[in-house]
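User: I'm new to this structure and would like to know what stands behind the labels people attach to it. Could you take me through them?

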Amino acid sequence: MRLHRLTVSAFGPFAGSESVDFDALAAGGLFLLRGATGAGKSSVLDAVCFALYGDVPGTRRANRLRSDHADPRRLTEVRLELTLGGRRLQITRLPEQRRPKKVGTGTTVERPQTLLREWAADAGDGTPGWRAVSKSHQEAGEEIHRLIGMNREQFCQVVLLPQGDFARFLKADSEERGKLLRRLFDTERFQHVEAWLAEQRRAQEAAVQAGRRRLRDLASKAEQAAGPAAEPAEGWVPAEEDAADLTAGVLGWAAILRSGAAEQYAVAEAALAGAEEAQRAAQGGRAAAEELAGRQRRHRQAVLQADRLAAFESEAARDGQRLAAAQAAVGVESALRLREGAADAHRRGQEAERRYREALAGAGGEGPALAEAGATELAEAERGLRAELVRLEAARTEERRCTALAREQRSLDEERRQADELAEEAEEWLAEYDERLGGLQEQHTGARAAGALVEQLDGRRAELTSRLDAARDRDGLRAEIAVAEPRVLTLRTAALDAREQSLGLRERRLTGMAAELAEQLRVGEACRVCGSPEHPAPAEAADGRVGADDEERARRAQAAAEQAWSTADQALTALRVREATAAGAAGPEGADALARTLAELDREHREALHAAEGLGRVEQEIARLSADQDRRLAELREARERAAVRTDRLQALHLEQRELAERVAAARGGAVSVAARAAALERLVEQVAAAAEASRAGSQTLARLGDAEDELAAAASAAGFPSPGEALAVLLPRAERERLEARLERHRVESAAVRHELALPELAEAASRPPADLSAAAAALGAATDRLGRAHAARSAAGERCAALAAIGRQLAGLAAELAPALARYGRVNRLAALAAGTSTENRLRMRLESYVLAARLEQVAAAASDRLVRMSGGRYTLVHSDDRGTGNKRSGLALRVVDAWTGTERDTATLSGGEGFFASLALALGLADVVTDEAGGMPLDTLFIDEGFGTLDEQSLEEVMDVLDGLRERDRAVGIVSHVADLRSRIPAQLLVRKGRHGSTLALAGREDA
């Protein structure tokens, strides 16, 4: 992971928009973030963390991200460009914040936003650029987390190294250190293993306890089924803590109970057989007594019934005579009913005719005259009235047409009035059209002139901007030339001195070359100059002789000095060329004068642009006004045509209504309307028709009444009665006749049955015997039945006891087979769970499984940290992991100790001094970063930040720490140090300066000379 550029707006202490070019800042590997206390050095790291994870490190939460110095209209925004996994990405985040409303006053909440983009060779239009990847908080966060391979806590511990966190990790106890390691190394799966084992232990323990409860339940059921006289359960059922063999004793006890129950069942079977024989004998005696008592009761009842029937004989003879006379008069009954129906119909017809004629007498018009008319006159009057109704129906249609014409006239009159109003409104608008159009055309001319001015000003602004940039470059280059010229002179002097020194040494060596050759002469060996093996007078070396090494060193010094001079001179020449080019492009004016001229042009450009922006609006207004003119002209023309059409139609309707009104007045006569006259005539027609019909019906009912009386007289004579009155006197209703017939038939049947009953010999024989004793027979049967019931109950109880004990025995056997593997599983799981939880006596360190894994990770961290701590402390200190048991209830496994090589002792990390504690904490944090990086998949972390703590180091310790940090730059890694320690300014050339002020902080790149 390498950072390229960070841009923040209204973030933390930064009121405006500030940018950091990490490519330029970290070109040398090490860079320094410095500034006054509270200026916002750590806020730069907060911005990096917020861009990646949407949150800030440590306790500085994301609810105070917005700058209090910022303009309310400027939104808080963080944009970070970086390379992850070989992909160039840009992350933009805006937190939730309040902003002024766009319409009205007050503020509203701006929702948080996230935008993830990637640099692509084809951004969609064929050219390279940024391509959107996601706008979703969740999708962007998941993609970034996948590429980095670390969560926020791991990233802050590995990359940001925030203030005080790694010092707290060094001096924390095992519990606190375990919390951090748990977050960094994601050992939650081992917690799940511990929880799973504990859950399995509880489940297996529950299964064993459930088996023990089932065993006790079965033992209780067996004891209850066996009865109080059986063998008691004490001593057979195992105690609560006994889990080795739960079922052996209970199975033996259950076998004893089943044997006793079988003996009781055999005894109960024998008792039941005797009780059944006694009960059968008692039932025979009871049946004989009941049969004798029944015959004696039947004989007594027959004698009583014979006496009652004999007393009813005279009354039965009278009923027979009445029934015979009534049956003879049955033929007259139908004729009598016919005569009564005809008389009733005649009375109803007379009453209806009277009501209808009274209604005619009370009706108006022709009604009273028709009230006394006969049926023929009434029928003729009905036909005439109905013809008059037909004529009135046509008049009713004309009357309805008159009403419709009146409504249509009112509607047309209203439409004509609306058309006149619309025409008047259109005429008024058209009268103002020319004035409005003239004003818009003047605005259009002004806007076009402003647009032309904008184009002219754009060209001038571009020219001035280019000249201003060139003037600024010229001034900057002149300053660089002023600095470079003395340096070039110095390097030239040094090169000439080195050349003179080299020539002098060469001359001195040539002068002493004879002595140098003489030193190489050996006795008996030929001289390399003259070839003689004899050397009578070799030259001797003078004081200050120059050798080949001295000459070579001087030559290299000369070459280096001349190269430095040449490089500096070339750089100075390049600066002068660039300065001349920039001066030619800038012209004679200074940068300040050009800036003021450009500012004035910008003001004129803004004013002209504002005026030109109204061109489109004015053109739209002119087009809209022209369209309104066409619409108003069309409305005026249409309104006038509509008013003329409505006026013609009103005149035609008026003539038609006058003709219809005359005909309708003649048809309605004196009535309110034709409809009212027709309704009155319809009522009269109905009354006349009803009266005529009632008169005809009365004549018909009178004729039918005479016929019915003649038929009644003939029927009475045929039945043998002198007159119809005598026949009616003996006539009985049908129900009465049927009742008498049934009564006489019942008397005959009962008399025959009594005679047959008294003639039976068995009844006569039973009547001669003494009365039967049913109570004694019932008592004997009850005693035998009770005995049989008790025997049955005893046998059933004994059988149920045997069956219940047998079933319980089978259940106990099944439970014993089921509990055996459960007990074995419980033993294994309980041992494993205790070992993983650190509560087992076999776990001598009392370490939980997760703590064991974290201890291994901590051991790796301590080893990686010691590699750097040895260098930082001058070989004195190393860190070791300790798994000593904690005191009290505290568990072991996550302790850290420091080994002092000077004293050979191992002591607690809390005994380190402030400076020692800092570089020990730093070494531990860097080691932790290495291990976490390897754990996260080895993602290369090319950028690393260290936040504060260097002020506690002395000069030597600071030098050793800086050497270690220099080693972090290997493999092109950039290391940023956040500090306000003054000594670091001279050690680290690349610096990012954070300046604070009343209106917020700012960022700027600074070199060594700015320190």
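User: What makes arginine 555 and glutamate 552 about one turn of the helix apart?

Analyst: Arginine 555 and glutamate 552 both sit in helix α15 (residues 548-586), three residues apart, and that is about one turn of the helix. Helices here are DSSP runs of H or I with at least four residues, strands are runs of E with at least two, and both are numbered from the N terminus. Please keep in mind that this is a predicted model: local features need pLDDT of at least 70, side-chain atom pairs count only at pLDDT 80 or more, and totals for chains, interfaces and linings use all residues. Residues are numbered from 1 along each chain as its sequence is written, and side-chain values use heavy atoms, with hydrogens and water left out.

User: Why is the contact of arginine 555 with glutamate 552 called a salt bridge?

Analyst: A salt bridge is a side-chain nitrogen of Lys or Arg within 4 Å of a carboxyl oxygen of Asp or Glu. The closest N and O atoms of arginine 555 and glutamate 552 are 2.4 Å apart, so the pair meets that definition. In general, side chains of opposite charge can pair when their charged atoms come close.

User: How do you know whether arginine 555 and glutamate 552 are buried, exposed or in between?

Analyst: Buried means under 20% relative accessible area, exposed means over 50%, and partly exposed lies in between (1.4 Å probe, protein chains only). Arginine 555 has 39% and glutamate 552 has 28%, so both are partly exposed.

User: Which residue does arginine 417 meet in a salt bridge?

Analyst: Its partner is glutamate 421, at 2.4 Å from N to O. Both residues lie in helix α12 (residues 375-431), four residues apart, about one turn of the helix. Arginine 417 has 37% relative accessibility and so counts as partly exposed; glutamate 421, with 42%, is partly exposed too.

User: What makes the pair of arginine 897 and aspartate 908 a salt bridge?

Analyst: Their side chains meet at 3.9 Å, N to O, which is within 4 Å, so the pair qualifies. Arginine 897 belongs to strand β11 (residues 895-900) and aspartate 908 to strand β12 (residues 905-908), so this pair ties together parts that are 11 residues apart in sequence. Arginine 897 has a relative accessible area of 25%, so it is partly exposed, and aspartate 908 is partly exposed at 34%. Elsewhere, salt bridges that share partners join Arg87, Glu118, Arg131, Glu143 and Arg146 into one network. The structure holds 34 salt bridges.

User: Why is serine 502 called buried?

Analyst: Serine 502 has 6% relative accessibility, which is under 20%, so it counts as buried. Serine 502 is placed in helix α13 (residues 433-511). Not counting residues up to four places away in sequence, serine 502 touches Ala554, Arg555 and Gln558, where contact means heavy atoms within 4.5 Å.

User: What is special about the phi of alanine 10?

Analyst: Phi of alanine 10 is near 55°, a positive value in a residue other than glycine. Most residues other than glycine have a negative phi. Alanine 10 is found in strand β1 (residues 2-11), and its relative accessible area of 0% makes it buried.

User: Why does aspartate 592 count as exposed?

Analyst: Its relative accessibility is 58%, which is over 50%, so the label follows. Aspartate 592 is found in helix α16 (residues 591-612). The C-alpha atoms of aspartate 592 and arginine 472 are separated by 9.3 Å, though the two residues are 120 residues apart along the chain.

User: How do you know that glutamate 619 is partly exposed?

Analyst: Glutamate 619 has a relative accessible area of 40%, which lies between the two cut-offs, so partly exposed is the right label. Glutamate 619 is placed in helix α17 (residues 614-668).

User: How many helices and strands are there in the chain, and what share of its residues is buried?

Analyst: The chain has 26 helices and 16 strands. Of its 1011 residues, 37% count as buried.
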